[in-house]
Amino acid sequence: MPDPLMYQQDHFVVLETNQPEQFLTPSELLEKLKKTLQQVPIEDLSPDLQKFDAVEAQAQYLLDTSCKLDIAPGQYLQWYAVRLEK
């Protein structure tokens with residue numbers, strides 16, 4: 001049986017085009033995703049994101065199912081769960 005610690009997502013490392021890496025909590029990452037999604041035209045989002053009416057739902061879906069958002073050609077936002085302590 002897998003160790004439940006393996007599935008904890010207390011922190012994320014966030015990589016963004018031309019920016020230094022950041023370490024964010026899940027709530028901070030959710031806010032960053034919401035702000036980023038508000039800047040992307042709806043027609044540029046993938047069909048699985050377009051089906052949601054609210055930015056909050058889109059951001060939560062991304063947090064739960066993905067690790068990358070293409071913002072524009074050559075621009076991206078990536079996030080990966082990390083453990084900062086043993």
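## A buried glutamine

With just 3% relative accessibility, Gln58 counts as buried, because the cut-off for that label is under 20%. Keep in mind that what you're looking at is a predicted model. Gln58 sits in helix α3, which covers residues 55-65.

So what does Gln58 touch, once residues up to four places away in sequence are set aside? The list is Leu37, Ile42, Leu45, Leu49 and Phe52. One of these, Leu37, falls within the stretch of helix α1, residues 26-39. Phe52, another name on that list, comes back in the next section.

## The aromatic pair

The chain has one aromatic pair by the rule used here. Its members are Phe52 and Tyr61, with 5.2 Å from centre to centre and 45 degrees between the planes, and the pair is classed as tilted. Why tilted? Stacked needs planes under 30 degrees apart and edge-to-face needs over 60, so whatever lies between gets the tilted label.

Are these two rings buried or exposed? Neither label fits: Phe52 has 24% relative accessibility and therefore counts as partly exposed. Tyr61 gets the partly exposed label as well, because its relative accessibility is 22%.

## The overall layout

Stepping back, the chain holds three helices and four strands. Reading from the N terminus, the order of elements is β-β-α-α-α-β-β. Of the 86 residues, 26% count as buried, and Gln58 is one of the buried residues.

The accessible surface of the chain adds up to about 6100 Å², with 51% of that belonging to carbon and sulfur atoms. As for contacts with a separation of 6 or more, 44% come from residues 24 or more positions apart.

## The sheet

The four strands make an open sheet, lined up β2-β1-β4-β3 with antiparallel pairing. At the edges are β2 (22-24) and β3, each pairing on one side only. On average, neighbouring strands in this sheet are turned by 25 degrees against each other, direction ignored. Helix α1 packs on the sheet and touches β1, β2, β3 and β4 (75-82), and its direction makes about 115 degrees with that of β2.

Now for the pairings. Strand β1, residues 11-16, is joined to β2 by three bridges, and the two run antiparallel. Within that pairing, Val14 stands opposite Gln22, and the bridge partner of Val13 is Phe23 in β2. In a regular strand, side chains alternate between the two faces of the sheet. How many bridges link β1 and β4? There are six, again in the antiparallel sense, and His11 stands opposite Val82 of β4.

## The hairpin turn

β1 and β2 form a hairpin, and five residues lie between the two strands. If you're scanning the turn, look for Asn18: this residue has a positive phi of about 55 degrees.

## Around Asp70

Over at the edge strand β3, which spans residues 68-72, you'll find Asp70. Leaving out residues up to four places away in sequence, Asp70 touches Gln75 and Tyr76. Both fall within the residue range of β4, 75-82.

How far is the C-alpha atom of Asp70 from that of Asp44? The separation is 9.0 Å, although the two residues are 26 residues apart along the chain.

Definitions and conventions: Residues are numbered from 1 along each chain as its sequence is written. This is a predicted model: local features need pLDDT of at least 70, side-chain atom pairs count only at pLDDT 80 or more; totals for chains, interfaces and linings use all residues. Side-chain values use heavy atoms; hydrogens and water are left out. Contact means heavy atoms within 4.5 Å. Two strands pair if DSSP finds at least two bridges between them. Axes are lines fitted to C-alpha atoms, for helices over the stretch in contact, and angles run from 0 to 180 degrees between N-to-C directions. Rings of Phe, Tyr and Trp (its six-membered ring) pair if their centres lie within 6.5 Å; planes under 30 degrees apart count as stacked, over 60 as edge-to-face and the rest as tilted. Buried means under 20% relative accessible area, exposed over 50%, partly exposed in between (1.4 Å probe, protein chains only). Accessible areas come from the Shrake-Rupley method with a 1.4 Å probe; for residues, only the protein chains shown count as cover.
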